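Trainee: Could you take me through one part of this model in detail? I'd like a close look at chain A, how it is put together and how it meets its neighbour.

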Amino acid sequence: MAKTVSFNLNGRKVSIEADGTRMLAYVLRGDLGLTGTKIGCGEGLCGACTVLVDGEAVRSCSTPLSAVAGKAVTTIEGLELDGALHPVQEAFLSHGAYQCGFCTPGMILSTVALLQKTPKPDRQRVAEALDGNLCRCGAHVRILAAVEAAAGKGGAR
Amino acid sequence: MNRRDFLKATGAFGLFVTFPLSASFQEPEKPAERPGYPKDFNAYLRIGPDGRVGCFVGKIEMGQGAMTALAMLAAEELDVPLERVDMLMGDTDLCPWDQGTWGSLSVWQFGPVLRGAAAEARAVLLQLAAERLGAPVERLQVQAGIVSVTGAPTRRVGYGELVQGQRIEKHLADVKVKPVSQFTQVGKDAPRKDGRAKVTGTAKFAADILPAGTLQACLLRPPAHGAKLLSVDTSDAEKLPGVRVLRDGDLVAVLHARPDGAREALGRVKATYQPSPSTVDDKSIFEHLLKVAPPARELAAKGSLPVGEALAVRRLDATYLNGYVAHAPMEPHTAVAQWDKGRMTVWASTQAPFLLKGQLVQALGLKPKEVRVITPYLGGGFGGKGGCPPALEAARLAKLAGVPVQVTWSRQEEFFLDTFRPAAVVKLRAGLDKDGRVAFWEHHVYAAGDQEAQSVYDLPHQLIQSSGGWMGGNPPGLHPFAIGAWRAPAANTNVHASESHMDALAALAKMDPMEFRLKHLKNPRMIGVLQVAAKAFGWTPKAGPSGRGFGVACADHRDTLVAAMAEVAVDRKTGQVKVKRVVVAQDMGVVVNPDGARQQVEGCVTMGLGYALSEEVRFKNGKVLDENFDTYQIPRFAQVPKIQTILIDNPDLPAQGGGEPAIVVMGALIANAIHDAVGIRLLQLPMTPERVKEALKA
């Protein structure tokens, strides 16, 4: 049933009147208008809906709204600071680490979470961290290169 | 930049449009059955007072990079910097007609049209400049959209200034496009125009477009293909607040302001069905295809098979199998339709907005001018979004509901309603003569289609035949569900068989597979790509199986020639195949954006690993058993090999397509490398660990 859920979204406090069992992805996209978060499978199997909750990469299509009460949620829209891209976004851009772009927000957020925990991951660690993020276009080799470049440039901002 | 910003930037709201709108540009009252590309360059190009070039094309951007490559072609011919070209794509009101974005045609087929238009526009601009500057055209030069008099650089005028306030009716015939030798932008790596929007999440896809008051619709689907609806009870769904139920003939839809609300309501709809009459499954399908496929059509014949067979001292027959493969784009099919003041506007994830417009006109009984299709960014297509059924569903519902309606397929719907790459069978019969050359070659493909069935080798006695295919003309019941084009349709299936078979013949002849291929090739371009790939890969001749796990395969896909080499490791215990590295050499003529072309090759290799090793749609009695990415396994990071791409410099051939060629070799490439590693020849794709283990046991 609808009740007020408050959390920090991209650095700003939001309070929303909604059923806490609703999945975060739909609230972000529909109720809050942040369409950068994509829904690709609806069951937490593709990673397109990845957002950060207190710095952890989670699948927002299978995270209930109530689970983020009082926490900090970061979406792709929250990475740019005063017009400057996040180092991970910069690395994806300069490496052409995207094609259709549908998986890209989730890929970038999973990478940000990885580099915050493991600033210099080896390739195997990157592959493990991004295993749940699917890309159908086959941008993988570029994404791996972008993640490594971002790690080298302090992608853990 | 989103569409609105683009329109602001280029002033398409009447601020600057100084070229007259040509008739072909406006909504045609009675469109031809199959319109062609308009001849008037104004249909493609508009120049703003600031000199920015608006480039309007009916193609769409789905990740393949057409937005950037086409902008480069326009920029090159006009002599303006790439960053000053703004692309507007896939809008049937604003863009000139296009057949659809597929088949690697954007650069190869449409590129020359756009170049021609831009070259003519430049020539007209130069004439205007000549009048303005009082100097003959021959004395003028253009740099970055500024025309100046050679030797008198202060006598100059920009395109924007030239065009402002004028109506240009002028057209010039027989304007030549630039020769390759004068290219300053084409052929150099360019940053993609869609980059910033995609890394910031501001790129809009169809599901992101939500006109005020949009309702989300979920449609009732049968549990199996061929299952007939007997009864439906929507009363439980209707009890949920905010839910509307709409029925229109066979269509049963629940609508809600939120997508999760609509999905929840659909879960409360009770329906009963007559079971599907379909009896085939993913194991019995191949026998079924052979039984039901239409009669053979001859695609090519040379010499005489009986003569060739008489020359054969050793023979090799094999039957190659491919299962159904899903497109599985990360973005599910989506459309939002708005019915407003007698006009239907549909934002749809489609590769063919003009085709869809025609379908909407027909389905809704509207006039062409009453329908507009707008294609935002597509989250992958791969041939699966040639049509867009949810657009027709959304449009029907929007008319009924009186509010905008969005239909977004769930992943389960995506796997159920996809137009799969058809399961197929290829029967190959061949033999070697006493000199170890191919004496005869018979290739018969069932259910896949014709593309690249013909051999790239110089074979004196051969017969190539095809029975049925993805393009249609199949007897009813050949496939238990919809099939269609899948990235390089039919070519993947045909080349898997033919290049596997050439490899098997090389092993039979105890020859190095690369040398065996060269021995049968006359085409210098094909020989060239093989040699370039071999050098980069470090190929040394050895007959297979050498134990090294090296594979080779090559193909000619619509005149783009590709050779690939791979190194694999096979785990005999688990049956797992690890592809360690892939080298691709590609001759695609002039390369417009080399970095974009390399991205396409990498995409082909990576996507190709899926159909080679893990992807296969399982089904039974009309039910699709793979419903999401937990069981339908597409390639992931841990499986991706090192990929090296070499693009051959070939300025003598116009630019060919690059979105498909490298994927067609992937099945055979990996099969050949597995054979080289452990001596087993797998004839069925995908080569799953179970199939590898089984073959190792035999």
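**A close look at chain A**

Mentor: Sure. Taken over C-alpha atoms, the centres of domain 1 of chain A and domain 2 of chain A sit 21 Å apart. Keep in mind that this is a predicted model. The domain assignment puts domain 1 at residues 2-76 and domain 2 at 87-152. Where the two meet, domain 1 of chain A puts in 15 residues and domain 2 of chain A puts in 13. On the domain 1 side of that contact, strand 3 and strand 4 of chain A each supply at least two residues, and strand 3 of chain A gives the most, with three. By class, that side of domain 1 of chain A has seven nonpolar, six polar and two charged residues.

Those two strands belong to a sheet, so to speak of them properly we need the sheet itself. Five strands of chain A make an open sheet, ordered 2-1-5-3-4, with mixed pairing. Strand 2 (12-19) and strand 4 (56-59) of chain A are the edge strands, each pairing on one side only. From one strand to the next, the twist averages 40°. At the strand 2 end, strand 1 (residues 2-9) and strand 2 of chain A run antiparallel, joined by eight bridges. One specific pairing to look up: Asn8(A) has Lys13(A), in strand 2 of chain A, as its bridge partner. Over at the other end, helix 3 of chain A lies across strand 3 (50-53) and strand 4 of chain A, and runs at about 35° to strand 3 of chain A.

Now for the neighbour. The contact between the chains takes 43 residues from chain A and 44 residues from chain B. On the chain A side, the elements giving two or more residues are helix 1 (24-31), helix 2 (87-94), helix 3 (104-117) and helix 5 (140-152). Helix 5 of chain A has the largest share, four residues. By class, the side of chain A that touches chain B divides into 24 nonpolar, 12 polar and seven charged residues.

Last, the packing. The largest nonpolar core has 266 residues, and those touching the most other members are Ala74(B), Ala394(B), Ala564(B), Val665(B) and Ile670(B). Helix 3 (residues 105-133) of chain B gives the most to this core, 13 residues. Chain A takes part too: the core draws at least three residues from each of domain 1 and domain 2 of chain A.

Notes: Residues numbered from 1 in each chain as written. Chains lettered and ligands numbered in written order. Predicted model: local features only at pLDDT ≥ 70, side-chain atom pairs only at ≥ 80, totals over all residues. Core = buried A, V, L, I, M, F, W, Y, C linked by C-beta atoms within 7 Å. Buried ≥ 20, exposed ≤ 12 C-beta atoms within 10 Å, placed from the backbone. Domains from an automatic or database assignment. Contact = placed C-beta atoms within 7 Å. Nonpolar A, V, L, I, M, F, W, Y, C, P; charged D, E, K, R; others polar. Pairing = 2+ DSSP bridges. Axes fitted to C-alpha atoms, helices over the stretch in contact; angles between N-to-C directions.
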